[in-house]
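Please open the model in your viewer and keep the sequence panel visible. The tour proceeds by selection, and each stop describes what is to be found there.

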Amino acid sequence: MNSFYTDEYKRVWGNQTINGEVEIITGANDELNIFTDTESYTLTLRPGKYHTEYTTNVSALVDELNHQISISTLPIVALLGGYHKDEKYNIVVLQMTNGKEIVDVTGTFFDSYFA
């Protein structure tokens with residue numbers, strides 16, 4: 001868990017911006033593994049180009065994550081988070097919906113957008 005921040009609400013915040021267009025390529029950045037103390041969950045995103053617009057706070061990438069979560073009925077939600085350092089940018093935020101805490105995250109999507 002050294003590569004990302006977990007806040008007091010047990011939300012895990014990514015470190016890489018998803019502003020603009022993000023391309024998901026099968027096998028290169030499409031898999032996300034989420035671990036709690038007792039369970040593990042795997043999501044695979046569909047290949048495609050996903051746009052995130054900071055000014056309207058809309059992200060097709062976060063929508064895709066939530067779509068994959070919903071079809072597998074996982075106790076997880078993906079959120080669109082924002083940071084404001086020298087410039088404004090959006091990141092992916094993950095949270096368990098069952099009260100559990102995420103203890104680890106791995107996978108090619110993690111490597112691209114969290115590490």
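**First stop: R46 and E64**

Select R46 and E64, which form a salt bridge whose closest N and O atoms are 2.5 Å apart; the term denotes a side-chain nitrogen of Lys or Arg within 4 Å of a carboxyl oxygen of Asp or Glu. The model is predicted, so local features need pLDDT of at least 70 and side-chain atom pairs count only at pLDDT 80 or more, while totals for chains, interfaces and linings use all residues. Residues are numbered from 1 along each chain as its sequence is written, and side-chain values use heavy atoms, with hydrogens and water left out.

This contact links distant parts of the chain, 18 residues apart: R46 lies in the loop between β5 and β6 (48-53), and E64 belongs to helix α1 (residues 60-71). Helices (H or I, at least four residues) and strands (E, at least two) are DSSP runs, numbered from the N terminus. E64 is buried, with a relative accessible area of 2%, whereas R46 is partly exposed at 43%. Buried means under 20% relative accessible area, exposed over 50%, and partly exposed in between (1.4 Å probe, protein chains only).

**The other salt bridges**

The whole structure holds three salt bridges. Select D7 and R11 next: their closest N and O atoms are 2.6 Å apart. D7 is buried at 9% relative accessible area, and R11 is partly exposed at 23%.

Then move to K100 and D37, a salt bridge with its closest N and O atoms 3.3 Å apart. Which parts of the chain does this pair link? K100 sits in the loop between β9 (88-96) and β10, D37 in the loop between β4 and β5, and 63 residues separate the two. D37 is exposed, with a relative accessibility of 60%; K100 is partly exposed at 29%.

**The open sheet**

Display the strands β5, β4 and β10, which in that order form an open, antiparallel sheet of three strands. Two strands pair if DSSP finds at least two bridges between them. The edges are β5 (40-44) and β10 (104-106), each of which pairs on one side only. From one strand to the next, the twist averages 15°; axes are lines fitted to C-alpha atoms, for helices over the stretch in contact, and angles run from 0 to 180 degrees between N-to-C directions.

Now restrict the view to β4 (residues 31-35) and β10, which run antiparallel and are joined by three bridges. Select N33 to find its bridge partner in β10, T106.

**The aromatic pairs**

Colour the rings of Phe, Tyr and Trp (its six-membered ring): they pair if their centres lie within 6.5 Å, with planes under 30 degrees apart counted as stacked, over 60 as edge-to-face and the rest as tilted. How many aromatic pairs does this rule give? The count is five.

One of them joins W13 and Y83, a tilted pair 5.8 Å centre to centre with 50° between the planes. W13 in strand β2 (residues 12-13) and Y83 in strand β8 (residues 76-84) are 70 residues apart, so the pair links distant parts of the chain. W13 is buried at 15% relative accessibility, and Y83 is partly exposed at 22%.

Keep Y83 selected and add Y89: these rings also form a tilted pair, 5.7 Å centre to centre with 40° between the planes. Y89 is buried, its relative accessibility being 13%.

As a last selection, take F109, F110, Y113 and F114, which ring pairs link into a cluster.
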